[in-house]
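Grab a pencil and let's work through a few short exercises together. Try each task before you read its solution.

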Amino acid sequence: MARLALLSVSNKTGLIDLARRLVEEFDFDLISSGGTATTLKDAGLPVTKVADYTGSPEILGGRVKTLHPRIHGGILARRDVPEDITDLENNQIRPIDLVVVNLYPFEETIAKPGVTLAEAVEQIDIGGPAMLRASSKNFAHLTVLCDPAQYGEYLQELRQNNGEASLEFRQNAALKGFLHTASYDRAIASYLAGTQQYNLSGQQLQSLRYGENPHQPAAWYQTGTTPTGWTAAKILQGKELSYNNLVDLEAARRIIAEFPDTPAATIIKHTNPCGTALGNSLVEAYQKAFNADSVSAFGGIVALNRSIDAATASELTKTFLECVVAPDCDAEAQEILAQKSKVRVLTLADLHRGSKDTIKAIAGGFLVQSADDIVADTSQWQIATERQPTADELAELLFAWKVCKHVKSNAIVVTSDRATLGVGAGQMNRVGSVKIALEQAGEKAKGATLASDGFFPFDDSVKTAAAAGITAIVQPGGSLRDHDSIKAANELGLVMVLTGVRHFLH
């Protein structure tokens, strides 16, 4: 008798090709439900509807269709237990050798703006998880597939093992089935619990060589069932990504996402930008970012917001870099970058979408906050000084403010011509950060702009900035002594803008 496969999927990617191979190459009979059966029938494949196989029609608008003894008996029967075989025969149940199931798109549904509770509830799958769990439990006797990426591997297993999947393959597939249902249930529980419960889970993509240091084991996990963010990136060349690479790449992504409309480049070292710039072309933006601090750029992480072209690729090969990421990379640029084969080159089409939350582990638990993704709005800024900024000065202040947002506190950024000149990061006091940023900028600070992620509680930093040649300052304001800083700016002829928003980054 032909073997029996049950196919019931929401995501129909690769379904028809898999079903055709099962029928034509491995002599499977197919049973299927709902839209899956219709898809297979329209493709000209022989399929029996679950309702016809069980003798029970789909009811409640399709809510009940696979919850039936002829389905779950065929899945759960142990082929080496005589009593189970007898039960199958007495109830005219065929053993099921393959179950292909993926679930209603619950996470995709709740991610849509304005989705209602009723709409979300309708996307809570019942029969699918039941079949996945039953099939995964009985991996000793059948195979379960919950991801279209598994289809090719399964067919290869059959071809290599005389039409059978190995026990090792079946057990690994069962594990993926349990992980899939666990992640699905956590998403539902988190949604219904709201802020009362925060569930974090992920599937390990790969072990990493080590964490921040060689004595720290580390691994990379994917959240959700669909690859997004860095799990969806394409690695064009280079060595395996490390823990520190991924941390720096995410820092670079967050900065480059601030500049969607103009060619932009940023170079990251230890999560801080050593150079960020805008340009009329991508190569100009990268050159300006590199020249901002060419010493620190050595061994840096580069993010670009446009497809890498040949001119930019040629510049990228002139110094040692750890990683380069951009939305795309043209063929000529790939050939040029291949000369530096150890450089990790990635493409990530969507560099703008990141996590909605940030999470930090602490002893006995973890902290969760919403991502600092507020969009700067200059119309809400307060011009605190007598001297008003020109349109170009306001644009420069906005650029400096956007970069400063992504520098570790206490953060000071000096910029000119939409490029960083000096960055003071992570100092224990703001005066120290001001000193570092101005010293790095040197003579270029004359006529430049300065941004601070926090307010100035004293006027000393304003006076230091003016003495170095700074002509405009942007800061959040909010100090009891704002008046002192504003007074000093007025006396020194500076522009001072108060944003009303603070961007500490610890």
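A cavity here is a set of grid points where a 1.4 Å probe fits but cannot get out, and its volume is the space filled by probe spheres set on those points. Keep in mind that the model is predicted.

**Exercise 1.** Find out how much space the largest cavity holds and which residues line it.

*Solution.* Start with the count: there are two cavities of 30 Å³ or more. Next, the volume: the largest cavity holds about 60 Å³. Now the walls: Ala251, Arg254, Ile255, Ile268, Thr271, Lys405, His406, Lys408 and Leu505 line this cavity. Helix H11 (residues 243-256) gives the largest share, three residues. Finally, sort the lining by class: you get four nonpolar, two polar and three charged residues.

**Exercise 2.** Do the sorting for the lining of the second largest cavity.

*Solution.* List the lining residues: Leu316, Thr317, Thr319, Leu321, Leu337, Lys340 and Val343. Sorted by class, they give four nonpolar, two polar and one charged. As for space, this second largest cavity has about 40 Å³.

**Exercise 3.** Work out why cysteine 329 has no bond to the closest cysteine sulfur.

*Solution.* First, recall that a disulfide is a covalent bond between the sulfur atoms of two cysteines. To count, the two sulfurs must lie within 2.5 Å. The closest sulfur to that of cysteine 329 belongs to cysteine 323 and is 14 Å away, so it's too far for a bond. Cysteine 329 is also buried, at 5% relative accessible area. Searching the whole structure turns up zero disulfides. Cysteine 404 fits in here too: its nearest cysteine sulfur, in cysteine 274, is 16 Å away.

How values were computed
Residues numbered from 1 in each chain as written. Predicted model: local features only at pLDDT ≥ 70, side-chain atom pairs only at ≥ 80, totals over all residues. Heavy atoms only, no water. 1 Å grid on protein atoms, 1.4 Å probe; cavity = no way out; pocket = protein on both sides within 12 Å on 5 of 7 lines; lining within 4 Å. Helix = DSSP H or I, 4+ residues; strand = E, 2+ residues; numbered from the N terminus. Nonpolar A, V, L, I, M, F, W, Y, C, P; charged D, E, K, R; others polar. Buried < 20%, exposed > 50% of the residue type's maximum accessible area, 1.4 Å probe, protein only.
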